[in-house]
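Here is the note on the model you sent round, set out as numbered points. Please read it with the structure open beside the text.

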Amino acid sequence: MDKSSTIDIPVTGQVPRHVAVIMDGNGRWAKQRFLPRIAGHKRGAEAVRNIVRACGERGVEYLTLFAFSSENWRRPADEVSFLMQLFVIALQQEVSKLHENGVRFKVIGDLSRFESELVRLIHDAEHLTRDNRRLTLTVAANYGGRWDILQAANRMLREKPELAAGFSETDLMPYLSLNYAPEPDLFIRTGGEQRISNFVLWQLAYTELYFTDLLWPDFDTSALDRAIASYQQRERRFGRTSEQLAQPALNITRRLTG
């Protein structure tokens, strides 16, 4: 489990170690082309495949995708049903390829509302890929950030009732759904909306946010590179001043010049 960015200063680099994405715009992409919304979701699944591959090639270690929120059950029943079917098909067709390419697959969220076949496929995929380390692909399904914090607190207190009198971030963090991953360095949302929409609320405390008008089916490797380039221009201070960030580089220069 990695440390909290509000407790310690994480190590950062030119390539974001963890990228989190809200894949927005599948329906609008289809509507613009006078196609049914499900056509947009199919095309969006192809974009997922490309971005997973691109992240692995660029050295991203963790990729977390918001596939289905706890609020998405409010969508039309036929669309929800299709999304569940698409998830099943994707697991059946893609997991072996992920495994061959060293990708570890994880799902976070409340699986209790899913059909037993889907849950079985998720567990099988997680088991098959559990030792892979090239890239960890996490899919958030029936997930909500508030749900995550609440379920973490409830589980913690069931296991450690003595903490009811008071607990710390360090106590809670092992119970969060993403406890195996560092906090995201870069958050991307496609589709033009500029909000977090109840996605990994705890973990986004110091994440760099990037919004694009591109609809998710149009988000390709070039778009990913633009997002990473934007990230590389950010000054990640974690509460410090710009002068403090410059000090280590100044010290190195002084040592080299004697």
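1. A residue is called buried here if its relative accessible area is under 20%, exposed if that area is over 50%, and partly exposed in between. By that cut-off G56, a residue of helix α2 (residues 37–58), counts as buried because its relative accessibility is 14%. The model is a predicted one, and the points below should be read in that light.

2. On the position of G56, setting aside residues up to four places away in sequence, the contacts of this glycine are with R134 and L135. A further link to that part of the chain is given by L137, which is 81 residues from G56 along the chain, while the C-alpha atoms of the two are separated by 9.8 Å.

3. On the overall architecture, the protein chain has 8 helices and 6 strands, and read from the N terminus these follow one another as β-α-α-β-α-β-α-β-α-α-β-β-α-α. The radius of gyration is 20 Å, which agrees with the value near 18 Å that a compact globule of 258 residues would have. Taken along the principal axes, the box filled by the C-alpha atoms is roughly 70 × 50 × 35 Å.

4. On burial and contacts across the chain, 45% of the 258 residues count as buried. Among contacts with a separation of 6 or more, 77% come from residues that are 24 or more positions apart. The accessible surface is about 13800 Å², and carbon and sulfur atoms account for 50% of that area. As for charge, the chain carries 34 positive and 32 negative charges, and the mean positions of the two sets are 2 Å apart.

5. On the pairing of β3 with β4, strand β3 (residues 103–108) is mostly covered, with 5 of its 6 residues buried. Its pairing with strand β4 (residues 135–143) is parallel and runs over 6 bridges, and within this part of the model K106 stands opposite T138 of β4.

6. On T129, this threonine sits in the loop between α4 (116–128) and β4, and a loop position might prompt the question of whether T129 is buried or exposed. T129 is buried, because its relative accessible area is 0%. Beyond residues up to four places away in sequence, T129 touches V95, H99, V103, R104 and F105.

7. On Y143, which lies in strand β4, the relative accessibility is 0%, so this tyrosine counts as buried. Which residues does Y143 touch, not counting those up to four places away in sequence? They are F66, F68, S69, S70, I108, G109, D148, S177, N198, F199, V200 and Q203. E71 is 72 residues from Y143 in sequence, yet the C-alpha to C-alpha distance between them is 8.5 Å.

8. On backbone geometry, most residues other than glycine have a negative phi. F34 departs from this with a positive phi near 55°; F34 is found in the loop between α1 (26–32) and α2, and it counts as exposed because its relative accessibility is 78%. V200 likewise has a positive phi, of about 30°, although it is not a glycine. V200 belongs to the loop between β5 (186–189) and β6 (208–211), but it is buried, since its relative accessible area is 1%, and V200 is also one of the residues that Y143 touches.

9. On L201, which lies in the loop between β5 and β6, the relative accessible area is 34%, so this leucine is partly exposed. Leaving aside neighbours within four places in sequence, L201 is in contact with G145, R146 and I196. Between L201 and T64, which are 137 residues apart in sequence, the C-alpha to C-alpha distance is 13 Å.

10. On the strands that flank this loop, β5 and β6 pair in the parallel sense over 4 bridges, with L186 standing opposite E208 of β6. Which residues form the covered face of β6, and which the uncovered one? E208 and Y210 make up the covered face, whereas L209 and F211 make up the uncovered face.

Note on methods:
Residues numbered from 1 in each chain as written. Predicted model: local features only at pLDDT ≥ 70, side-chain atom pairs only at ≥ 80, totals over all residues. Heavy atoms only, no water. Helix = DSSP H or I, 4+ residues; strand = E, 2+ residues; numbered from the N terminus. Rg over C-alpha atoms; globule rule 2.2 N^0.38 Å. Buried < 20%, exposed > 50% of the residue type's maximum accessible area, 1.4 Å probe, protein only. Contact = heavy atoms within 4.5 Å. Areas by Shrake-Rupley, 256 points an atom, 1.4 Å probe, with all protein chains shown as cover. Lys, Arg positive; Asp, Glu negative; His and termini not counted. Charge placed at Lys NZ, Arg CZ, Asp CG, Glu CD. Pairing = 2+ DSSP bridges.
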